[in-house]
Amino acid sequence: MPVPITCHEWQELHIGYRGLNQLHVDRLHTLARRSARYLKKPEDAVLTQIPKGLKAGQIVGILAIPNLTLEILPKIDDDKNNTRMALVRMLNVVYDLRISDGEITALSKQQFDLLEILIRLFSIRLLTAVRRGLPRRYINHEEDLRLLRGKLDVTRQVTYLAARSDLIACRYDELSPDTPLNRVLKATVLKLSDISRSTANVRLLNELKIHFDCVSNVQNPLNELVRLDRTNNTYHNLYRWACLFLKGDYQTTTSGQISGFSLLFAMNDLFEKFIGNILKRTLENPPESRVLLQNKAHSVLLNENGQKIFNLIPDVVIRSNNKECIVLDTKWKHLNPKDDIKLGVEQSDIYQMMAYAHAYEPKRLILLYPWNKNIASEPGILCRWKLSGMKIPFHVATVKVGYSNMKDFYKEIGSTLISFATLTDDGP
């Protein structure tokens, strides 16, 4: 049974820690480099090899190799279990996994790593759905039978079967569970069975295998042409989960390759999407403002034909009903409390915000960072600056992501972000 090792962003793992040896280090590093390429990140973005060990980067999630699983958690001011559950809540918002407060609370009391938590949530939901029956579709069949079934294929009957009076060319539709959606779900169940270490999860997955016994196996499930509609509405969310798992890279043999599975998330991207989705939920319902994510309305340059060159892509643009806008950019970085003037804000980020100011002419600019207790006693606005020559209010702010329950999580984050978006005090 694989041994789980848990670390945080930027943490070093040395050989000897919880049985980590040089073979583990080499295999984890190889898998991490391959996974980073898939995420379109630098090869050492996940793990960097250091003398006698590894150092985690700013990408979190799971790396699993034979006999060892490495869990990388975000660096949040909280205990390990709450940090893990905070990450689950972020994934819940970003990927619309629709995990309930009760499910989070129940799992937070159990000693599961991130992978086993996600496997358990998926398995329980899928089992609940398939116990009501697998989704089915009518599949067209063309067969030569001794009795007529469906419609007669006249062309085939008078040509290929002209000399076979004992056979009838038939065309008929049959309601079958062997659909692209079910093949994707079965492939996910089989994959998770190979990598799960939890006895309880394996038991659930084995029961699921029985339900999918009548469904074909496929080599490339992500290539299946799945159609989601009202007839399989119950499975829409499960399909999103399945795709999340299937994007990990896992081989059961090691012929020429290092076998392994990865389920990784770049914290910069995750934090950006998380804040954007929370803002869309809180500000657009009721529709007080329009929240635009990754907006490309402006660029740095225009050529002589008016074409945009070097698009400006702020993380969030909040446009109110009176057409005023706020530009917000997220940074998953820890600010420096020892820097009384700049707080560790990078100069390149300031220049980026200046470009947004010139293009969007916003009411306010906000740089948003994750809160930690070393920078301020409470999340909120840390400093109020103004751009030189433009007098546009520029706020550096933080938001807490490590709440211990879903109710506080949505309430506090939502109210904090709304306060940033509706500030009336534009003082420096």
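Here are three short exercises with worked solutions on a predicted model. Residues count from 1 along each chain as its sequence is written, and side-chain values use heavy atoms, with hydrogens and water left out. Because the model is predicted, local features need pLDDT of at least 70 and side-chain atom pairs count only at pLDDT 80 or more, while totals for chains, interfaces and linings use all residues.

**Exercise 1.** Work out how β3 and β4 fit together.

Solution. Start with the terms: strands are DSSP runs of E, at least two residues, numbered from the N terminus, and two of them pair if DSSP finds at least two bridges between them. Next, take β3 (residues 47-50) and β4 (residues 53-56): they pair in the antiparallel sense over 4 bridges. One such bridge links Gln-49 to Leu-54 in β4. Last, look at the turn: 2 residues sit between the strands of this hairpin, and Lys-52 there has a positive phi of about 60 degrees.

**Exercise 2.** Find the edge strands of the open sheet with the order β7-β9-β8.

Solution. This sheet has 3 strands with antiparallel pairing. Its edge strands are β7 (137-145) and β8 (151-152), since each pairs on one side only. Now check β8: it meets β9 (residues 168-176) over 2 bridges, and Leu-152 has Cys-170 as its bridge partner in β9.

**Exercise 3.** Is Gln-58 buried or exposed?

Solution. First, place Gln-58 in the loop between β4 and β5 (59-65). Its relative accessible area is 18%, so it counts as buried (under 20%; exposed is over 50%, partly exposed in between, with a 1.4 Å probe and protein chains only).
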